[in-house]
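I opened this entry to look up ring pairs, strand pairing and helix packing. The notes follow in the order I took them.

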Amino acid sequence: MVKHVILWTLKEEFSEEEKQQIKAGIKEGLKGLAGQIPGLLEIHVQTESLPSSNVDIMLDTTFESAEALQGYSVHPAHVAVADGKVRPYTATRSCMDFEV
């Protein structure tokens, strides 16, 4: 199995109210991928954090294999969420993929 963990920081230009709406949209979009992507076993999206955090959103996914992760990266449903709900609003993205 493969874990795919992403951390995003939202752009500074958004108000706190806008950030809450953006985070809700990202979470809804990503959680909606469950059951649509072959090999995607688990998907968790965390948008509520402690004040000690320095990122806004965490995506924690589990895939059957590295090949399934590669398929996810180009799957039309994933690309639609990334292009429509994530990329326009995020300033930074960090990723770690690893085998479990």
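**Aromatic pairs**

I looked for aromatic pairs and found that the structure holds two. The model is a predicted one. In one pair, the ring centres of Phe 14 and Tyr 89 are 5.7 Å apart and the planes stand at 55°, so I noted the pair as tilted. Phe 14 sits in the loop between S1 and H1, and Tyr 89 in the loop between H3 and S4, so this pair ties together parts that are 75 residues apart in sequence. I then checked exposure: Phe 14 is buried at a relative accessible area of 16%, while Tyr 89 is partly exposed at 28%.

Phe 63 and Tyr 72 also form a tilted pair, with 4.9 Å centre to centre and 55° between the planes. I found both Phe 63 and Tyr 72 buried.

**Strand S1**

I turned to S1, residues 2-10, and found it mostly covered, with eight of its nine residues buried. S1 pairs with S3 (residues 57-63) in the antiparallel sense over seven bridges; Val 5 stands opposite Asp 60 there. S1 also pairs with S4 (residues 90-99), again antiparallel, over nine bridges. In that pairing I noted Leu 7 opposite Ser 94.

**Helices H1 and H3**

Last, I looked up how H1 (residues 16-31) lies against H3 (residues 76-86): their axes come within 10 Å and cross at roughly 175°. That crossing angle makes H1 roughly antiparallel to H3. H1 makes the contact with Gly 25, Ile 26, Gly 29 and Leu 30, and H3 with Val 81, Lys 85 and Val 86. By class I recorded four nonpolar, two polar and one charged residues in this contact.

Terms used. Residues numbered from 1 in each chain as written. Predicted model: local features only at pLDDT ≥ 70, side-chain atom pairs only at ≥ 80, totals over all residues. Heavy atoms only, no water. Axes fitted to C-alpha atoms, helices over the stretch in contact; angles between N-to-C directions. Helix = DSSP H or I, 4+ residues; strand = E, 2+ residues; numbered from the N terminus. Parallel < 35°, antiparallel > 145°, perpendicular 65-115°, else oblique. Contact = heavy atoms within 4.5 Å. Nonpolar A, V, L, I, M, F, W, Y, C, P; charged D, E, K, R; others polar. Buried < 20%, exposed > 50% of the residue type's maximum accessible area, 1.4 Å probe, protein only. Pairing = 2+ DSSP bridges. Phe/Tyr/Trp six-rings, centres within 6.5 Å; stacked < 30°, edge-to-face > 60°.
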